[in-house]
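The following exercises concern helix packing and a surface pocket. Each task is followed by a solution in steps.

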Amino acid sequence: MQLRILAMDPGTANFAVSVMRISYVDGVFRFKCEGSAMLDGQRLLKDMKTMRTSLKVFEDYVQPLFDQDYDAFVAERFQARGGKGPTIESVNCMLGRMAGMSAHIEHGDFITAGVWKNEFNRFGDLKEMYADHKELRRDKTRPHIQIHQLDACLLGIYIACKIIGIRPFSFLTSRAKEAKLLSSLDGAPELKCLPAPLPKVRKVKRKSKAKAKKCAGV
């Protein structure tokens, strides 16, 4: 079985996407991250007051992803911890928009973080992997994916296992295989199909009334 999966770890500040290729032949599970990226924060829905226009900007931005062929689309459902303001609304609006955009993809799933992370921890140690990834990122001589991109990759592997019908992450039979998994994903190439990030807008700091009066010689 061969699978191509679009996987996402959404947020309003950090939104990761990864494209995974999975094969399962003669009981052997193989994976490869075709590409991964952090979405342009300026094209994400952050303010519910501009929901309609912001969602259109977001849709146009991610459309190149959905113009491709996949066997599955999966995204992590967003669950706010504590007071998060409009964040949960914004993320779920983006997820809802993509639910429609992914209608042509056979498998479409939206799952909570705890579901796939609990499965991972049955065979590996996710906290340990995060710590190892932090160490890998200390090497500035080569590029690394961010932690959210790693999560998107692992989510893609999780859903692939569910589609194939095997226990998710059951191939992690040793610490060495877990390290090999991390090393392979950390070296994932950048996705090339997305538009270039918008130029960052520099915020102009407003002077306090006291400073303004001082500058004016009042």
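Helices (H or I, at least four residues) and strands (E, at least two) are DSSP runs, numbered from the N terminus. The model under study is predicted.

**Exercise 1.** Determine which elements and residues line the second largest pocket, and classify the lining.

Solution. Step 1: the lining consists of Phe29, Arg30, Phe31, Phe171, Lys177, Lys180 and Leu181. Step 2: at least two lining residues come from strand 3 (28-38), and at least two from helix 6. Step 3: sorted by class, four lining residues are nonpolar, three are charged and none is polar. Step 4: the volume of this pocket is about 190 Å³.

**Exercise 2.** Describe the packing of helix 5 against helix 6.

Solution. Step 1: the axes of helix 5 (residues 147-164) and helix 6 (residues 175-186) lie 10 Å apart, at an angle of about 120°. Step 2: the two helices cross with right-handed geometry. Step 3: helix 5 contributes Leu150, Cys153, Leu154 and Ile157, which meet Leu181, Leu182 and Leu185 of helix 6. Step 4: this contact comprises seven nonpolar residues, with no polar and no charged ones. Leu181 thus appears in this contact and also in the pocket lining.

**Exercise 3.** State how helix 3 is oriented with respect to helix 4, and give the reason.

Solution. Step 1: helix 3 (residues 113-123) packs on helix 4 (residues 126-136) at about 90°, with an axis separation of 9 Å. Step 2: angles of 65 to 115 degrees count as roughly perpendicular, and therefore helix 3 is roughly perpendicular to helix 4. Step 3: Trp116, Lys117, Phe120 and Asn121 of helix 3 make the contact with Leu126, Met129 and Tyr130 of helix 4. Step 4: five of the contact residues are nonpolar, one is polar and one is charged.

Definitions and conventions
Residues numbered from 1 in each chain as written. Predicted model: local features only at pLDDT ≥ 70, side-chain atom pairs only at ≥ 80, totals over all residues. Heavy atoms only, no water. Axes fitted to C-alpha atoms, helices over the stretch in contact; angles between N-to-C directions. Left-handed = near helix turned anticlockwise from the far one by under 90°. Contact = heavy atoms within 4.5 Å. Nonpolar A, V, L, I, M, F, W, Y, C, P; charged D, E, K, R; others polar. 1 Å grid on protein atoms, 1.4 Å probe; cavity = no way out; pocket = protein on both sides within 12 Å on 5 of 7 lines; lining within 4 Å. Points joined across faces, edges and corners; volume = space filled by probe spheres on them. Parallel < 35°, antiparallel > 145°, perpendicular 65-115°, else oblique.
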